[in-house]
Every structure is written in structure tokens, then in C-alpha cells.
Amino acid sequence: MFIKGSYKVTIDGRDVTSRLRPLLKDLCIERAAGEAADSLDLTLADPYGGIVMPRDRAPVEVELNGQWGFI
């Protein structure tokens, strides 16, 4: 596992952490200055094509070590 500590990923109000854990290869949060939007990149390895993409504009929340890292 590449992340030291704990993390939680919520998409559209559903905790998907346990489903993503075996597929998650990288997680990158970039904070933007001022009013600009922050960005989140999740890199997943899905060799069997089992990932179902969330609906367009579904809210994504990431918690890193008990602190909200991205909303």
C-alpha cells in the first residue's frame, strides 16, 4: 500500500474505500490558490474491467488520517 496512515474515499455519499483499496495505485490532491478549484487524481488498476464509474458530477470526498483532504 502506498499511503501511510488511514484514508477514506466517499463518492456520491457512499463509502467506497474497501472497494477501491485493492485497486488504488495513487492518490494526488492539489490545492489551488484563492477561488480556483482543488483537484483530485485517483489512479486505479482495474485489469478485469469491474469498475463502475459514478454519475457525472457526483461529489467525491477524501479523508486522510482523519482530516478532510478533498471535498
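Where is the place of Asp46? I began my notes with this residue, and I found Asp46 in the loop between E4 and E5. I should record at once that I am working from a predicted model.

**Asp46 and its partners**

I looked up the accessibility of Asp46 and noted a relative accessible area of 28%, so Asp46 is classed as partly exposed, a class that lies between under 20% for buried and over 50% for exposed. I then followed the side chain of Asp46 and found that one of its polar atoms lies 3.0 Å from the backbone nitrogen of Ile51. For a distance along the fold I took Asp46 and Ala32, which are 14 residues apart along the chain, and I read a separation of 29 Å between their C-alpha atoms.

**Ala32**

Ala32 sits in the loop between E3 and E4, and at 30% relative accessibility Ala32 counts as partly exposed. When I set aside residues up to four places away in sequence, I found that Ala32 touches Ala37 and Asp38.

**The chain as a whole**

I next stepped back to the protein chain, for which I listed one helix and six strands, and I wrote down their order from the N terminus as β-β-α-β-β-β-β. Along the principal axes, the C-alpha atoms fill a box of roughly 40 × 30 × 20 Å. I noted that 23% of the 71 residues count as buried. Taking the contacts between residues at least 6 apart in sequence, I found that 44% of them join residues at least 24 apart.

**The largest nonpolar core**

Which residues make up the largest nonpolar core? I counted 10 residues in all, namely Tyr7, Val9, Ile11, Val16, Leu20, Leu24, Leu27, Leu40, Ala58 and Val62. Two elements give two or more residues to this core, strand E1 (7–11) and strand E3 (24–30), and I noted that E1 gives the most, with three residues. As background to this entry, I add that nonpolar side chains tend to be buried together in soluble globular proteins. From the core I picked out Leu20 and looked up its contacts; leaving aside neighbours within four places in sequence, Leu20 is in contact with Val9 and Leu44.

**The largest pocket**

I then turned to the largest pocket, for which I have a volume of about 550 Å³. The pocket is lined by 19 residues, and those closest to its centre are Ile11, Val16, Leu20, Val52 and Pro54. Helix H1 (17–20) and E4 are the elements that give two or more residues to this lining, and E4 gives the most, with five residues. When I sorted the lining by residue class, I obtained 13 nonpolar, two polar and four charged residues. Comparing the lists, I see that Ile11, Val16 and Leu20 appear in the largest nonpolar core and also among the residues closest to the centre of the pocket.

**Thr10 and Asp12**

Is Thr10 buried or exposed? I located Thr10 in strand E1, and at 10% relative accessibility Thr10 counts as buried, because the cut-off for that class is under 20%. Its contacts, apart from neighbours within four places in sequence, are with Asp15, Pro59, Val60 and Glu61. Asp12 lies in the loop between E1 and strand E2 (14–15), where I noted a phi near 55°, a positive value in a residue other than glycine. I also recorded Asp12 as partly exposed, with a relative accessible area of 34%.

**Arg57**

I found a positive phi at Arg57 too, near 65°, and Arg57 is likewise a residue other than glycine. I placed Arg57 in the loop between E4 and strand E5 (60–64). Its relative accessibility is 77%, so Arg57 counts as exposed, the cut-off being over 50%.

**Ser39**

My last entry concerns Ser39, which is found in strand E4 (residues 39–44) and is partly exposed, with a relative accessible area of 31%. I checked Ser39 against Cys28: the two are 11 residues apart in sequence, and I read 8.2 Å between them in space, C-alpha to C-alpha.

How values were computed
Residues numbered from 1 in each chain as written. Predicted model: local features only at pLDDT ≥ 70, side-chain atom pairs only at ≥ 80, totals over all residues. Heavy atoms only, no water. Core = buried A, V, L, I, M, F, W, Y, C linked by side-chain atoms within 4.5 Å. Buried < 20%, exposed > 50% of the residue type's maximum accessible area, 1.4 Å probe, protein only. Helix = DSSP H or I, 4+ residues; strand = E, 2+ residues; numbered from the N terminus. Contact = heavy atoms within 4.5 Å. 1 Å grid on protein atoms, 1.4 Å probe; cavity = no way out; pocket = protein on both sides within 12 Å on 5 of 7 lines; lining within 4 Å. Points joined across faces, edges and corners; volume = space filled by probe spheres on them. Nonpolar A, V, L, I, M, F, W, Y, C, P; charged D, E, K, R; others polar. Polar contact = N/O pair within 3.5 Å; in protein donor to acceptor, adjacent residues only side chain to side chain.
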